[in-house]
Structure formats: C-alpha cells, structure tokens
Amino acid sequence: MTIESFPGSSGYIDAGVDKKITYFSNSYVLGLTVVAGIGGLLFGYDTGVISGALLYIRDDFEAVEKSSLLQETIVSMALVGAMIGAAAGGWINDAYGRKRATLLADVVFAVGSLVMAAAPDPYVLILGRLLVGLGVGVASVTAPMYIAEAAPSEIRGGLVSTNVLMITGGQFLSYLVNLAFTEVPGTWRWMLGVAAVPAIIQFFLMLLLPESPRWLYMKKSKSDAIVVLSKIYDPYRLDEELDQLANALEEENQRKIAISYLDVFRIKEIRLAFIAGAGLQAFQQFTGINTVMYYSPTIVQMAGFSSNQLALLLSLIVALMNAAGTIVGINLIDHFGRRKLALSSLFGVILSLILLSAAFFLESSGVANVGWMAVLGLALYIACFAPGMGPVPWTVNSEIYPESYRGICSGMSATVNWISNLIVAQSFLSVADAVGTDWTFLILAFIAVLAFGFVFMFVPETKGLTFEEVEAIWKEKAWGSSHGSESLLEKGEEA
C-alpha cells in the first residue's frame with residue numbers, strides 16, 4: 001500500500017504529476033517548522049545549561065554551597081514550572097491558538113532568563129527558574145502541535161521531529177555555552193541570561209507567521225485558514241484538505257457539548273489515544289534518557305575516567321550524538337514508520353542498558369579495564385534511543401488526538417513527560433546508591449522491555465495518515481471496524 005492510496009494523503013502536489021512531497025519541497029512549511037522549533041531549542045538549552053551553571057552558582061552563594069536542598073530546588077524548580085506550563089498550555093492552545101501560546105511562552109521564558117541573570121540571591125534565582133520552566137512547559141506542548149497542523153501528512157513526522165532536533169541541538173548548545181563562559185566574569189549569569197536571546201528572536205518571528213490553519217478553520221476564521229493552507233497545498237490537494245476540515249467541523253458542531261478534561265477518560269476512543277500518547281511520554285523518560293544526559297559525566301567517571309575535563313568532553317560527544325541520531329530519525333520516521341522505529345529503538349536500548357549494567361557489575365567485582373565497555377554502552381544507548389524514542393513520542397502525540405481535544409490531551413501527555421522526567425532525575429543517584437549502578441541500569445533495561453510490550457500492544461502506525469484517518473483508527477479500536485470497510489489499522493501498517 002503506497003501513501004497515495006489514502007484519501008487526502010496523495011503524496012503528490014499535482015494530480016497526475018509525479019511530484020512527491022518531500023521534507024524540503026515547501027520552503028514555507030519548513031520556515032514555519034524552524035521558527036516554531038525555536039521553542040524546542042529553549043527546551044533543550046534549559047535542561048542542559050543548569051548542570052554547568054550550578055558549579056558557579058555554588059561559588060557565588062554560600063547558602064547554595066552549604067545546602068543540597070537549595071541546589072536540588074534550583075535544578076528541579078524549572079521542571080515544576082514545566083509541569084504547570086504543560087498542563088496549562090493545552091488549555092491555552094485550545095482557547096487562544098498556537099501562535100498566542102508561543103508568544104506567551106517566549107515572554108515568560110525571556111523574563112525568567114533575565115530574572116535569573118540578575119538574581120541577587122538564590123531565592124530570586126529559584127523564581128527565575130520557575131518562570132523559565134513555565135515557558136518551556138507551554139512551548140513543549142505548542143511547538144509539536146503547530147508544526148503538525150501545518151504539515152502535509154506525508155512529511156508530518158519528519159517536520160515534528162525537527163522540533164526534537166532543536167531540543168537535542170539546544171542541549172548540545174548548552175554544553176558549548178558552559179565551556180565558552182567558564183573564564184568570563186559573572187559566568188553563570190551569562191549562561192542563564194543568554195537564553196533570553198532565542199526567545200526574543202522567536203517572539204518577533206512569530207509575529208510575522210500565521211496561526212495554525214486547522215485552529216483557524218475550527219475556531220476563528222475559515223477564510224484566514226484557506227489563505228494559509230493555499231501556501232501549503234496546490235488547488236487539488238487544498239480541496240481535499242478543506243473537505244476533511246469541513247467534515248471535522250460538522251462533527252464537532254453535532255457534538256454540541258463543552259470540552260472537558262473528564263472526556264479524556266470517559267470517551268473510549270479518546271482514552272485509548274491518551275493511554276498510547278501518555279504511555280510513550282512516560283516510557284521516553286523511564287527508559288533513562290535524561291539519566292544519561294543529566295548524569296553522563298558521572299557515568300563516565302563511575303566507569304573509571306577520573307578527569308573532569310575528559311568527562312565533560314565525553315558528555316559533549318554524547319550530546320552531539322543525540323542530535324545526530326535525531327537527524328537520522330527525521331529521515332526514517334516518515335519512511336520506516338513511528339511504530340517500527342520505536343520498537344527497533346527500544347530493542348537497541350534494552351541491549352545497551354544490559355551492556356552498561358554488565359560493565360558496572362564487572363567493575364564492582366574488581367575486573368580491571370572495563371571503562372571502555374561503559375562508554376560503548378553509553379554510545380550504543382544514544383545511537384539507538386535518539387532516532388526512535390527521542391522523536392516518536394512527540395510526533396505521535398501531535399497527531400493522534402481529535403481536533404477538539406488535541407490541546408488538552410497534548411498538554412496532559414506532556415505533563416506526564418515532565419513528571420516522569422522529575423521522578424527519574426530525583427531518584428537515579430539515590431537508587432544507584434541503594435542498589436548499585438549495575439542494578440540501576442538493569443532496572444532501566446526491564447522498564448525498556450515493558451516499553452517494548454506497550455508499544456507493540458497499544459500504539460498503532462500513523463505514518464502517512466491524515467488527522468481524520470488517525471481519529472478513525474481510535475474509533476475502530478474502540479468500537480470495531482464499521483461497514484466492513486478496509487481497516488485503517490491495516491492501512492497504517494502497510495503504508
């Protein structure tokens with residue numbers, strides 16, 4: 001089954017002309033993607049920069065140096081803010097649109113960055129971290145939705161994955177900034193304050209860009225939506241997209257009930273979609289990615305590399321591999337498919353975590369020269385995780401929910417991601433101290449096995465399908481195939 005077999009997913013710009021839509025075929029859509037993806041850059045930069053900045057914050061504030069609680073609060077307050085921002089971000093997106101949500105996130109993030117840079121004491125710094133987290137949380141919900149709703153279905157996965165590339169690129173950039181400002185007076189203030197620059201740039205670029213065409217059509221102005229869609233599709237394809245939007249709007253009007261968070265759990269097809277989306281977000285974190293990113297210098301030192309400089313250099317290489325792996329994912333996700341990519345990614349993650357566990361077990365048993373095995377396991381982990389379980393959860397969550405519930409469901413699933421992130425970040429070292437690093441990685445491997453089973457059981461293939469076709473998949477899973485028509489579940493697998 002080829003992509004052009006799907007209604008509204010022809011795969012070609014002109015009827016009867018073999019001109020296939022590719023990642024680079026529409027510079028307008030690519031421009032929207034890159035500008036929206038700056039939100040991902042902020043997301044990645046913030047998660048990476050604090051590890052280096054904290055070393056210098058401790059030097060400036062004696063209270064921080066003496067209090068582990070203050071150090072933990074400075075790190076984790078951004079995650080708390082991100083949880084709140086993601087939870088509220090879904091409602092903001094549905095009520096006010098993707099564009100306004102992005103502008104709000106930029107303002108809050110920029111203010112938070114400047115508050116941190118000027119903080120006279122640790123408590124103002126913590127306030128700045130909370131504000132930055134709020135901005136990141138809203139952006140983490142908004143950017144994938146905005147990109148997905150502007151993207152042709154054939155390349156939607158690759159375009160949404162570009163936002164994940166910006167996240168990993170932001171993490172890599174944060175390591176470079178940490179190195180660049182080590183000898184500059186007011187080191188940590190520059191590290192944290194410079195993040196306001198991309199937020200300000202995105203704010204002014206977003207003023208020049210349109211609202212999401214799907215949100216415009218469903219919530220505000222059909223004519224404005226058509227203007228935007230006409231820049232994305234040729235007249236033939238535009239008619240198909242408008243027909244699908246008209247059907248979606250008619251279905252929403254027939255529903256005639258207020259959208260409620262309880263609907264996510266009460267309506268079976270939405271509940272199934274949310275379980276798949278939120279489960280992917282949780283497993284993305286519980287399979288250990290931020291354990292690796294946050295603690296890679298520690299892992300490297302545990303492996304026997306005692307030099308701080310060498311540990312930091314290897315951490316920089318880990319961040320670069322993560323970004324490079326995401327580029328591979330962008331190329332694969334619309335060809336190989338979301339489900340297959342996640343399953344193959346998790347298979348490699350399981351093997352690499354077992355290898356890491358074995359390396360630390362051998363080290364604790366007194367076997368010499370096993371540091372290379374830990375570093376190999378680390379590299380294999382990133383090489384397997386980055387192309388699959390990095391972009392797939394964000395891509396799937398941007399496309400599996402009905403139009404009316406896309407905002408609140410995406411916000412709720414992103415909140416699950418941030419909560420899981422916090423749990424892993426706060427517990428990894430404690431668990432490692434309690435049971436040993438070898439057993440900790442073995443536990444993560446077991447969780448990855450559960451994740452493999454979860455994806456196999458609950459996540460359908462959505463490659464190449466329109467939003468309306470994806471919505472029909474969940475109705476089919478909830479209530480069975482209707483009218484004897486060909487199963488959309490089978491279509492997704494064959495595409």
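These legends go with a set of close-up views of a predicted model.

**View 1. The whole chain, an all-helix affair with 22 helices and zero strands.** Before zooming in, here is the backdrop. The protein chain runs to 495 residues, and 59% of them are buried. Take the contacts between residues at least 6 apart in sequence: 81% of these join residues at least 24 apart. Salt bridges turn up too, 15 of them in the structure, and the next three views pick out a few.

**View 2. E149 and R98 pair up across two helices.** The closest N and O atoms of this salt bridge sit 2.6 Å apart. E149 belongs to helix α5 (residues 122-150) and R98 to helix α4 (residues 98-118), so the pair ties together parts that are 51 residues apart in sequence. Are these two partners buried or exposed? Both E149 and R98 are buried. As a reminder, side chains of opposite charge can pair when their charged atoms come close.

**View 3. R406 meets E403, and the pair belongs to a network.** Here the side chains form a salt bridge with an N to O distance of 2.9 Å. R406 counts as buried, at 1% relative accessibility, and E403 counts as buried as well, at 9%. Which residues make up the network? Salt bridges that share partners link D94, R98, E149, R214, E403, R406 and E468 into one network. That brings back E149 and R98, the pair from View 2.

**View 4. D334 and R338 form a buried salt bridge.** The closest N and O atoms in this one are 2.9 Å apart. D334 has a relative accessible area of 9%, which makes it buried because the cut-off is under 20%. R338 is buried too, and its relative accessible area is 0%. Keep D334 in mind, as this residue comes back in the pocket view.

**View 5. S410 and its surroundings in helix α19.** The helix covers residues 406-435, and S410 counts as buried at 5% relative accessibility. What lies by the polar end of the side chain of S410? The backbone oxygen of R406 is 2.7 Å from a polar atom of that side chain, and the backbone oxygen of N397 is 3.4 Å from a polar atom of the S410 side chain. R406 is also the salt-bridge partner of E403 in View 3. Leaving aside residues up to four places away in sequence, S410 touches V141, M145, N397, Y401 and Y405. So N397 shows up twice for S410, through its backbone oxygen and in this list of contacts.

**View 6. The second largest pocket, with a volume of about 290 Å³.** Its lining is made of 15 residues, and those closest to the centre are T22, Y23, I155, D334 and H335. D334 is the acidic partner of R338 in View 4. Which elements give two or more residues to the lining? Those elements are α6 (156-180) and α15 (308-332), and α15 gives the most, with three residues. As for chemistry, the lining of this pocket splits into eight nonpolar, four polar and three charged residues.

Note on methods
Residues are numbered from 1 along each chain as its sequence is written. This is a predicted model: local features need pLDDT of at least 70, side-chain atom pairs count only at pLDDT 80 or more; totals for chains, interfaces and linings use all residues. Side-chain values use heavy atoms; hydrogens and water are left out. Helices (H or I, at least four residues) and strands (E, at least two) are DSSP runs, numbered from the N terminus. Buried means under 20% relative accessible area, exposed over 50%, partly exposed in between (1.4 Å probe, protein chains only). A polar contact is a pair of N or O atoms within 3.5 Å; within protein, one must be able to donate a hydrogen and the other to accept it, and residues adjacent in sequence count only if both atoms are side-chain atoms. Contact means heavy atoms within 4.5 Å. On a 1 Å grid over the protein atoms alone, a cavity is a set of points where a 1.4 Å probe fits but cannot get out, and a pocket is an open set with protein on both sides within 12 Å along at least five of seven lines; lining residues have an atom within 4 Å of a point. Grid points are joined across faces, edges and corners, and a volume is the space filled by probe spheres set on the points. Ala, Val, Leu, Ile, Met, Phe, Trp, Tyr, Cys and Pro count as nonpolar, Asp, Glu, Lys and Arg as charged, and the others, Gly among them, as polar.
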